[in-house]
Amino acid sequence: ERAGHHVLGDGVDELAERPLRPLLRPVLRPLVVEPAAHQERPGGRHALPDGRAHLVEIAKRLESEGHDVISVQVGEQYEKAGDKDYKLKPGQREDYDALLKDLSALNITPRRVVHLWGVSPANQRPLEIERFNDAQETGFFSLLFLAQALGKGPISINVVTSNMQDVTGEESLCPEKATILGPCRVIPREL
């Protein structure tokens, strides 16, 4: 049987009125990234850079390490821009299906996607609806549409953003990018 338990004695009223305080306080410490001790097997990493020099450099480095890199950039419509280069409109769901259909025709099945469209310099223009919508297309919706097009299967999606969260306290934050956290949390449970 269940029975209620009560604390009797002096100070009971004082305890009931005192606010609860957490015993643990989260602390974010700077992370020093060291080179990986092991190398992933080449041939299965795919990147989604959008033409910025540092993102293109990441793709080149992965290729030099033997990875098969398919570059997908932001464009006005879906198009094949080269042997391993594509453009698509981030907010257009059908473009992702077309990309995967073309890759399938080439016998390419992505095993890893590195989503880099959330990496950008800090945006200095005021947060207005246009800036918010741009961030949703290249962040939230592009990741959602990509996952829907990929469907279930053995695939890893790595999402990289910049200026989304306060890490050092000195960042110029872009709060419009925070919505990408939704798909980041839901997609692993759904796929």
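Where is the place of V114? V114 lies in strand 5. This report starts from that strand and works outward, on a predicted model.

## Overall make-up

The chain's secondary structure comes to five helices and six strands. Read from the N terminus, the order of elements is α-β-α-β-β-β-α-β-α-β-α. The chain has 191 residues, and 29% of them are buried.

Contacts in the chain reach across the sequence. Take the contacts between residues at least 6 apart in sequence: 61% of these join residues at least 24 apart.

## Strand 5 and its partner

Strand 5 spans residues 112-118. Seven of its seven residues are buried, so strand 5 is largely enclosed by the rest of the structure. V114 belongs to this strand. Its relative accessible area is 12%. Buried means under 20%, so V114 counts as buried. V114 and A59 are 55 residues apart along the chain, and 9.8 Å separates their C-alpha atoms.

Strand 5 pairs with strand 6, residues 156-161. The pairing is parallel and runs over five bridges. One bridge links G118 to T161, the latter in strand 6.

## Strands 2, 3 and 4

Strand 4 covers residues 85-88, and its side chains alternate. Y86 and L88 point to one face and are buried. D85 and K87 point to the other face and are not buried.

Strand 4 pairs with strand 2 and with strand 3. With strand 2 (residues 71-74) the sense is parallel, over four bridges. Here V72 has Y86 of strand 4 as its bridge partner. With strand 3 (residues 79-80) the sense is antiparallel, over two bridges. K80 stands opposite Y86 in this pairing. Strand 3 and strand 4 form a hairpin, with four residues between them. Y86 thus appears in several roles: it is buried, it is the bridge partner of V72, and it stands opposite K80.

## Helix 4 against helix 5

Two packed helices are described by the angle between their axes and the distance between the axes. Helix 4 (residues 129-150) packs with helix 5 (residues 181-190) at an angle of about 15 degrees. Their axes are 9 Å apart. Angles under 35 degrees count as roughly parallel, and helix 4 and helix 5 are therefore roughly parallel to each other. Their crossing is right-handed.

Which residues of helix 4 and helix 5 meet? Helix 4 brings F140, L143 and A147. Helix 5 brings P183, C184 and I187. By class, this contact has six nonpolar residues, no polar ones and no charged ones.

## Helix 3 against helix 4

Helix 3, residues 93-105, also packs with helix 4. The axes come within 9 Å and cross at roughly 45 degrees. Helix 3 and helix 4 are therefore oblique to each other. Helix 3 passes helix 4 in a right-handed crossing.

From helix 3, the contact takes in R93, Y96, D97 and L100. From helix 4, it takes in S142, F145, L146, Q148, A149 and L150. These residues divide into six nonpolar, two polar and two charged.

Conventions
Residues are numbered from 1 along each chain as its sequence is written. This is a predicted model: local features need pLDDT of at least 70, side-chain atom pairs count only at pLDDT 80 or more; totals for chains, interfaces and linings use all residues. Side-chain values use heavy atoms; hydrogens and water are left out. Axes are lines fitted to C-alpha atoms, for helices over the stretch in contact, and angles run from 0 to 180 degrees between N-to-C directions. Angles under 35 degrees count as roughly parallel, over 145 as roughly antiparallel, 65 to 115 as roughly perpendicular and the rest as oblique. A crossing is left-handed if the near helix is turned anticlockwise from the far one by less than a right angle, and right-handed if clockwise. Contact means heavy atoms within 4.5 Å. Ala, Val, Leu, Ile, Met, Phe, Trp, Tyr, Cys and Pro count as nonpolar, Asp, Glu, Lys and Arg as charged, and the others, Gly among them, as polar. Buried means under 20% relative accessible area, exposed over 50%, partly exposed in between (1.4 Å probe, protein chains only). Two strands pair if DSSP finds at least two bridges between them.
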